[in-house]
Amino acid sequence: MLKNTKCECGHQNPVGTVLCEACGLPVHPEDVQSDKPLEMRYEGAARRSQKSNPNILDRVWNFFSSVKVAVYLIIITLICSIIGTLLPQVNVIPSNDPASYYATEYGWIGELYYALGLADTFGTWWYKGLVLMIAASLIICSLDRIIPLYRALSKQQAVKHETFLRRQKVLYTGDVANAEAWLGEMEAAAKGRRYRVTREGNALLAEKNRFSRWGPYINHIGLIILLAALLTRGIPGWYMEQGIALKEGQTGPINGTSYYLENIQFTEVKEVGPHISGQELQFAFETEAVLYRCIDNCHNPLSEPILEEVKQHTIKPNEPLVHEGYSIYQIDYSFEPQLTAITFDIGAEGRSLGEIKIELADPAFFYPVGDLTFELSGYYPDLTNVNGEPATKSRQPNNPAFIFDVQRADGVEESYFVVPLEQFQTRLKGSGDAEVLQFEIADMDASRYSSYMLVRVERALPYILAGALIFLFGVVLGLYWQHRRIWVRIDGDQLIVAAHTNKNWYGIREELAKLLRKTGIETDAKSLDNNGVTKK
Amino acid sequence: MARNKWVQLTILAVIIAAAVFTVSSNLSAGSSAPQVMDEAVNFSLYGLDGALHELDDYIGKPIIINFWGTFCPPCVREMPLIQSKYEEYADSGLVVLGINLDESTVTINHFTQGMNLTFPILLDKNVVRKQYGVYEYPTTFFIDEKGVIRQKIVGEMNEGSLPSHDIDLAIRRLLYG
Amino acid sequence: MSVEQIESLIDLSSTFLMVAFLVYNLSFIVFGIAVLGKRWSNRDPQSHERRWGTIGLIIAIVGFLSQAAFAGLRWAANGHIPVSNLYEFLTFFGMMVVLAFIIIYAIYRKPLTGLFAMPLAVVIVAYGAVFPNAVKPLIPQLQSIWLYIHVTLAALGEAFLAVGFAAGLMYLLRTVDFRDKSVSGRRKIRGVEVTLFSLITLISFIAIIFIFRGAGYHAEFTQTVIEIDQTTKQEVEVEHTVEYTLPPIFKPHNSVTVEMQSFLGMEEPLLEAPSWLNGVNAGRKLNTIVWSLALGLVLYGLLRLILRRPLGAAVSPIMDGIDEQDLDEISYRAIAIGYPIFTLGALIFASIWAHQAWGRFWAFDPKETWALITWFFYTAYLHLRLSRGWQGEKSAWMSVIGFLIIMFTLIGVNLVIAGLHSYAGV
């Protein structure tokens with residue numbers, strides 16, 4: 001059955017309108033009879049979500065358009081977030097085996113927590129789903145409201161139906177002798193308080209701060225931008241996180257990129273006082289670092305990468321090295337003194353034949369000295385004895401041992417086993433008469449600290465920040481200003497003044513009282529309250 | 001009216017697309033290491049032979065991937081056994097890849113020559129190890145022709161004593177199902 | 001600067017804090033005179049209230065300036081703004097509550113709000129004083145301009161939300177019918193009583209710590225904990241020394257008493273913490289919580305015995321004479337001011353700093369997540385109030401719960417839940 005939506009003022013309203021777009025008279029007869037305050041939300045305009053006979057598409061739309069649903073989503077997300085803080089999440093536990101870690105550390109609670117997926121609450125599909133639903137709600141509820149609201153507010157008129165005025169929450173009725181003069185005073189008073197005044201005959205509309213109505217929509221847009229920016233993290237190349245640990249003097253690859261990083265030197269500054277505590281406290285720590293780009297032989301353990309220097313920077317907390325979207329942060333360090341290189345002076349019969357320098361991380365095979373060729377054919381970084389055979393205990397050069405194959409110019413081949421830190425060496429193979437070569441330690445390079453750094457790419461960040469700031473702007477716009485409107489209608493000598501605001505009724509009552517006082521009408525702000533709802 | 005319905009549909013389509021994108025990028029991030037019955041993650045590493053080896057090149061054959069180091073006594077102990085099995089099942093097309101755990105080339109070379117290892121030794125610098133979630137050594141993966149991990153043995157393998165760590169049993173299960 | 005100079009600056013600053021604390025209490029009393037003395041004054045009640053209210057405000061401002069001096073001197077001594085540990089942050093937060101109150105008072109001029117806001121500030125400052133106040137240099141991760149911006153704005157935002165809570169509590173005390181025997185009526189009364197009981201427990205905690213600290217109480221235990229060594233994956237027994245500053249009702253799980261001063265004839269710890277509370281500090285924290293709850297119950301019980309009715313009912317009469325709509329308005333306004341400041345300080349600037357320091361602008365660590373939880377809550381508050389008409393009592397309840405969430409963020413997260421962000425514990 002088609003409902004008649006043509007108002008008695010002559011205006012044709014779209015289906016679903018609550019208040020006539022022109023004169024404000026309620027469209028439905030039942031609403032006209034009631035004496036409760038008018039439902040002024042969205043100017044009583046027709047909204048998509050208020051259609052009758054919703055199909056499946058409409059139902060979904062209505063669901064996400066509802067503020068009640070939005071609040072439920074927020075509260076549910078809030079509760080899920082709380083659950084995610086009860087036990088430490090997987091990304092911070094000191095273990096590679098989360099399943100057993102939670103069980104052993106926290107007993108059956110931990111086991112259950114892990115089994116339910118709560119150990120990574122914020123990465124689960126349902127948590128992301130909640131955020132996605134909030135995003136859907138943000139988009140749909142804003143679209144549903146902003147278009148009708150904008151249209152309604154843009155084509156307002158000053159002349160409103162008497163019923164519309166009498167059912168507003170702020171109302172003054174009285175007599176006025178000279179309509180024209182009074183309206184003039186009212187206009188002046190309102191303009192004095194920065195209202196924009198429109199007059200149509202004996203009707204007046206004073207409006208201010210309409211922009212604050214857009215506040216909520218602007219803040220929603222800000223949040224949508226923020227969430228969309230978070231989504232872009234999935235785009236290849238927009239997000240990366242890679243740890244890198246370097247000893248002093250070491251150059252290592254940044255996995256996943258063509259960059260290499262060198263730790264030239266690590267400095268830890270500890271200061272004693274001038275603090276009463278008298279303790280030696282950590283004051284600063286930093287890595288002097290160089291960033292390289294690898295041009296050739298990259299990620300090939302068998303050959304030296306060819307590097308081109310890109311940037312130098314001293315990396316410290318709060319001061320990352322930044323280059324083309326890559327940021328390198330100083331996260332942590334440890335004092336792990338370690339040898340990094342040993343230089344041997346090769347002697348024979350008291351005279352030095354030359355020097356060879358061995359890099360202990362990944363030594364080279366061949367070392368020419370004069371007319372001798374040294375080949376490093378065996379290397380035990382941490383020498384130990386396993387069933388009488390030499391072996392290595394670990395990968396750290398705590399007690400390096402070397403097997404050198406020496407080829408002399410005359411073709412004689414020898415073999416030496418050298419353990420510098422134990423001051424032990426022996427000739428494994430060689431002719432008895434040829435002089436025994438002596439390996440003397442000429443120099444040792446060491447690293448005192450290992451520096452732990454984090455390489456990050458976060459291309460979405462400026463957009464996330466933009467979204468957040470737009471959000472804040474919208475919040476401030478919406479919360480700190482109120483959209484106020486005052487309608488005046490004079491019929492003969494009967495004066496009706498009604499007002500509406502989207503928030504802070506206290507304020508508009510005070511302001512209207514002040515305005516009325518300026519026109520010579522003495523009222524008390526409280527008496528303007530026409531709420532109609534009985535208070536406790 | 002019809003145009004407005006299209007607006008609604010477009011918006012919902014965008015949101016569904018975002019959802020799909022989120023879920024798929026979450027899954028493909030591949031943060032968790034492949035377990036038994038998962039597909040083996042592809043990798044490419046340089047070998048001691050100087051060539052670049054890619055796992056995908058070997059898929060189609062039964063593959064054993066052994067993570068080892070000379071600093072790890074059980075890894076050293078099981079190596080001769082692995083080599084002998086490699087020779088024994090060579091006719092069946094068994095591929096063995098020994099992935100070394102971040103040691104220097106000199107050390108590895110010395111060891112493999114001393115042991116006369118003939119299968120490819122690949123040089124990993126903490127990349128593939130992390131991809132495969134290997135934190136205890138040795139760890140051995142048995143991969144079938146379809147590229148699916150059928151078995152993972154953590155610890156020293158043997159022949160004829162502990163069935164859970166019996167390499168021969170594992171190979172035969174791999175080859176003959 | 002020499003150690004002596006620094007020490008003297010710190011001593012001087014402590015004096016200013018003490019002065020501020022006392023002045024805040026004085027301000028509270030003056031506001032009490034303003035509100036309660038109306039009946040006995042021979043002046044017209046309105047002007048009496050206004051006059052004493054202004055005096056209360058001026059005293060509050062004096063207190064604020066004194067605490068600002070405390071902060072300034074400590075800043076001079078230490079070289080950085082004093083918000084780097086829990087003691088400094090909480091005292092600063094108390095100062096911000098006074099500032100928020102002053103601003104709200106300037107808008108609304110209701111002395112009754114001073115009667116609730118000032119004690120709130122007093123309790124917060126006292127709570128802060130419980131924690132270690134050693135002067136230390138900033139650890140490198142905190143050496144950033146963002147320390148100044150993020151922490152101060154977060155504190156200011158939360159301070160306004162706290163004033164919103166005070167006004168919300170006042171609203172409930174004003175409107176809840178303490179004689180209502182219906183189910184919903186009794187639920188509301190219980191809610192008010194629980195809120196007041198929580199405040200009493202917090203005050204008990206502070207009182208207990210200071211009493212036993214003043215008496216110099218000390219007890220020591222050696223606790224044996226079974227930990228799993230991450231490298232060998234073996235279970236090892238590790239011994240820890242646990243020190244108590246309160247008499248042990250609960251000694252740490254699986255521990256041996258090394259020394260214990262007797263208390264009220266108690267020579268041995270009464271009970272032992274259960275096995276599932278086997279963290280190193282868990283026993284001590286359980287003990288502290290039990291002491292606070294016990295004294296809180298005792299105090300609450302005593303008050304109820306003396307007053308012979310719910311505490312809320314006893315306080316409620318002083319609320320006569322204030323329009324509850326005004327209280328609703330004040331509560332909302334305070335939250336409306338606090339919300340954007342909190343969003344900016346505790347979330348936006350916090351993320352920017354996190355990115356600058358650690359490379360991750362958001363890691364869902366407990367403190368960050370609880371800030372987000374707080375934000376979610378007040379977002380729901382605003383939606384319910386502005387779009388669903390949740391004004392008056394519902395709004396007041398939400399402001400109370402919101403403050404609970406904030407206090408958990410400050411207390412619970414720092415002390416109970418571990419994380420990158422945590423401060424020290426008691």
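These legends describe views of a predicted model.

**View 1. Overall form of chain A.** Ten helices and 21 strands are found in chain A. Chain A is more spread out than a compact globule, because its radius of gyration of 40 Å is well over the 24 Å that the globule rule gives for 536 residues. Taken along the principal axes, a box of roughly 135 × 55 × 50 Å holds the C-alpha atoms of this chain.

**View 2. Interior and contacts of chain A.** Of the 536 residues in chain A, 47% are buried. Contacts in this chain between residues at least 6 apart in sequence include 58% that join residues at least 24 apart.

**View 3. Surface and charges of chain A.** The area that chain A exposes is about 25,900 Å². Carbon and sulfur atoms supply 54% of that area. Chain A carries 52 positive and 63 negative charges. The mean positions of these two sets of charges lie 22 Å apart.

**View 4. Surroundings of Arg509(A).** This view is centred on Arg509(A), a residue of helix H10 in chain A. Helix H10 covers residues 505-518. Arg509(A) has a relative accessibility of 8%, under the 20% cut-off, and therefore counts as buried. Within chain A, Arg509(A) is in contact with Val170(A), Ala525(A), Leu528(A) and Asp529(A), leaving aside neighbours within four places in sequence. Gln325(C), a residue of chain C, is also in contact with Arg509(A).

**View 5. Surroundings of Ser66(C).** Here the residue shown is Ser66(C), which lies in helix H2 of chain C. That helix runs over residues 45-78. Ser66(C) counts as buried because its relative accessibility is 7%, under the 20% cut-off. Not counting residues up to four places away in sequence, Ser66(C) touches Phe16(C), Val19(C) and Ala20(C). With Phe16(C) there is also a polar approach: the side chain of Ser66(C) reaches the backbone oxygen of Phe16(C) at 2.8 Å.

**View 6. Contacts between the chains.** Two pairs of chains are in contact, and chains A and C share the most contacts of these. The contact of Arg509(A) with Gln325(C), shown in View 4, joins chain A to chain C. Chain B and chain C are joined by no contact. The closest C-alpha atoms of chain B and chain C lie 10 Å apart.

Key:
Residues are numbered from 1 along each chain as its sequence is written. Chains are lettered from A and ligands numbered from 1 in the order in which they are written. This is a predicted model: local features need pLDDT of at least 70, side-chain atom pairs count only at pLDDT 80 or more; totals for chains, interfaces and linings use all residues. Side-chain values use heavy atoms; hydrogens and water are left out. Helices (H or I, at least four residues) and strands (E, at least two) are DSSP runs, numbered from the N terminus. The radius of gyration is taken over C-alpha atoms; the globule rule is 2.2 Å times the number of residues to the power 0.38. Buried means under 20% relative accessible area, exposed over 50%, partly exposed in between (1.4 Å probe, protein chains only). Contact means heavy atoms within 4.5 Å. Accessible areas come from the Shrake-Rupley method with a 1.4 Å probe; for residues, only the protein chains shown count as cover. Lys and Arg count as positive and Asp and Glu as negative; His and the chain ends are not counted. The place of a charge is taken as NZ of Lys, CZ of Arg, CG of Asp or CD of Glu. A polar contact is a pair of N or O atoms within 3.5 Å; within protein, one must be able to donate a hydrogen and the other to accept it, and residues adjacent in sequence count only if both atoms are side-chain atoms.
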